[in-house]
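Trainee: Hi! Could you walk me through this one with me?

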Amino acid sequence: MAAPALAPITRQVSGRPAAAPAPSGPERGQPLAAAVAELPVLDASGRRVPFGALFRERRAVVIFVRHFLCYTCKEYVEDLAKVPKSFLQEADVTLIVIGQSSYHHIEPFCKLTGYCHEIYVDPEREIYKRLGMKRGEEISSSGQSPHIKSNILSGSIWSLWRAVTGPLFDFQGDPVQQGGTLILGPGHCIHFIHRDRNRLDQKPINSVLQLVGVQQVDFTGRPVIHV
């Protein structure tokens with residue numbers, strides 16, 4: 001079955017001026033700037049990989065997260081971990097998470113969340129900046145995320161606890177950096193981009209999977225009956 005047409009961007013958020021940001025108008029079908037595609041991300045071993053190489057020959061859902069101690073990112077990535085690899089393979093799509101910590105934090109974060117798909121870091125946040133990802137919290141009614149189970153108080157306390165009890169006291173990235181979701185490739189074509197306005201503004205996973213023709217996932221834990 002053919003993948004559904006990719007939806008146009010629903011909103012654009014720009015937190016501050018950034019060097020060579022992505023276009024401020026509708027970006028669906030626009031090319032990713034070559035300078036951004038050439039910027040490196042690091043894998044769990046510290047190996048540098050050009051950002052554009054991640055989706056040069058395939059379609060990719062790329063999720064930029066706030067930081068690895070953020071409770072909303074932890075719970076969102078825990079649900080990303082529930083997306084079966086077989087669903088992605090059937091649609092010829094890859095799922096990629098990008099954080100902004102040191103690469104040393106990748107393996108512990110994957111163990112914590114159970115995430116087993118591709119993951120990299122942009123420790124200098126250069127790609128975040130070039131893509132116009134917001135810094136700071138924009139007050140808005142983002143609605144109830146289907147992926148976030150903790151409230152702000154309990155989640156923030158747990159994030160702080162993980163920071164102070166870790167081997168190094170750090171927030172594993174800029175604590176005011178927001179993330180976003182893109183659908184890219186093959187090549188440098190931007191099919192979809194969503195920039196988070198605040199920590200609760202992540203795009204629902206199933207809505208993104210639907211855009212790339214990936215089978216929907218039941219995140220409630222209830223058994224799914226296929227008819």
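Trainee: Is phenylalanine 55 buried or exposed?

Mentor: Phenylalanine 55 is buried, as its relative accessible area is 0%; buried means under 20% relative accessible area, exposed over 50% and partly exposed in between, with a 1.4 Å probe and protein chains only. Keep in mind that this is a predicted model, where local features need pLDDT of at least 70, side-chain atom pairs count only at pLDDT 80 or more, and totals for chains, interfaces and linings use all residues. Residues are numbered from 1 along each chain as its sequence is written, and side-chain values use heavy atoms, leaving out hydrogens and water.

Trainee: Cool. How many aromatic pairs are there?

Mentor: Searching the whole structure gives four. Rings of Phe, Tyr and Trp (its six-membered ring) pair if their centres lie within 6.5 Å; planes under 30 degrees apart are stacked, over 60 edge-to-face, the rest tilted. One of the pairs is phenylalanine 51 with phenylalanine 55, edge-to-face at 5.0 Å centre to centre and 80° between the planes.

Trainee: And why is the pair of phenylalanine 68 and phenylalanine 109 called stacked?

Mentor: Because their ring centres are 4.2 Å apart and their planes are at 10°. Both phenylalanine 68 and phenylalanine 109 are buried.

Trainee: Switching topic: what does leucine 131 touch?

Mentor: Leaving aside residues up to four places away in sequence, leucine 131 touches Leu32, Val36, Phe64, Leu182, Ile193 and Arg195, where contact means heavy atoms within 4.5 Å.

Trainee: How far apart are leucine 131 and leucine 182?

Mentor: They are 51 residues apart in sequence and 10.0 Å apart in space, C-alpha to C-alpha.
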